[in-house]
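I opened my notebook today to look up a few things in a structure. Come along and read over my shoulder.

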Amino acid sequence: MQLKMGVQTELRSWEWKTCHAPTYPEPDLPKDPRCWSRSDVATWLHFMAMLHHLPCVPVDRFLMNGKALCLMSMDMFLGRVPLGGKLLYKDFQIRLGRAMYSS
């Protein structure tokens with residue numbers, strides 16, 4: 001009985017944290033990542049780190065604009081950010097795909 005109550009308490013705590021997790025407003029970036037400036041890239045990196053609770057992403061490893069990010073492979077992202085590089089790469093590719101194929 002005591003174990004069951006402990007699990008229920010943990011579940012309620014998890015549900016509360018999930019439902020009340022802080023939301024971060026999407027930064028005001030150009031919809032097309034190919035148009036991003038260096039400053040836009042830095043803003044996106046900071047937003048993604050906050051949103052996904054990643055360790056601080058060193059902006060000096062991404063001193064480039066959006067067109068340069070387009071040329072980066074997943075391995076290049078991982079080389080710059082081992083913890084979170086895959087997530088950054090996938091998010092960037094989704095944004096790029098939306099920009100390229102939206103009407």
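Is cysteine 70 buried, partly exposed or exposed? I looked it up in this predicted model, and cysteine 70 is partly exposed, because its relative accessible area is 24%.

**Entry on the cysteines.** Next I wanted to know how many disulfides there are. My search of the whole structure turned up 0 disulfides. I then checked why cysteine 70 has no bond to another cysteine. The closest cysteine sulfur belongs to cysteine 35 and is 9.4 Å away, which is too far for a bond. A disulfide needs the two sulfur atoms within 2.5 Å. Looking from the other side, I found that the sulfur of cysteine 35 has the one in cysteine 70 as its closest cysteine sulfur. I also noted that cysteine 35 counts as exposed, because its relative accessibility is 53% and the exposed class begins over 50%.

**Entry on serine 39.** I found serine 39 in helix H2, which covers residues 38–51. Serine 39 counts as partly exposed, because its relative accessibility is 49%. I also looked up its distance to leucine 63: the two are 24 residues apart in sequence, and their C-alpha atoms are 8.9 Å apart in space.

**Entry on the largest pocket.** Here I asked what volume the largest pocket has, and I wrote down about 260 Å³. The lining has 14 residues, and those closest to the pocket centre are Glu26, Pro30, Lys31, Arg95 and Arg98. Sorting the lining by type, I got 7 nonpolar, 1 polar and 6 charged residues.

Note on methods: Residues numbered from 1 in each chain as written. Predicted model: local features only at pLDDT ≥ 70, side-chain atom pairs only at ≥ 80, totals over all residues. Heavy atoms only, no water. Helix = DSSP H or I, 4+ residues; strand = E, 2+ residues; numbered from the N terminus. Buried < 20%, exposed > 50% of the residue type's maximum accessible area, 1.4 Å probe, protein only. 1 Å grid on protein atoms, 1.4 Å probe; cavity = no way out; pocket = protein on both sides within 12 Å on 5 of 7 lines; lining within 4 Å. Points joined across faces, edges and corners; volume = space filled by probe spheres on them. Nonpolar A, V, L, I, M, F, W, Y, C, P; charged D, E, K, R; others polar.
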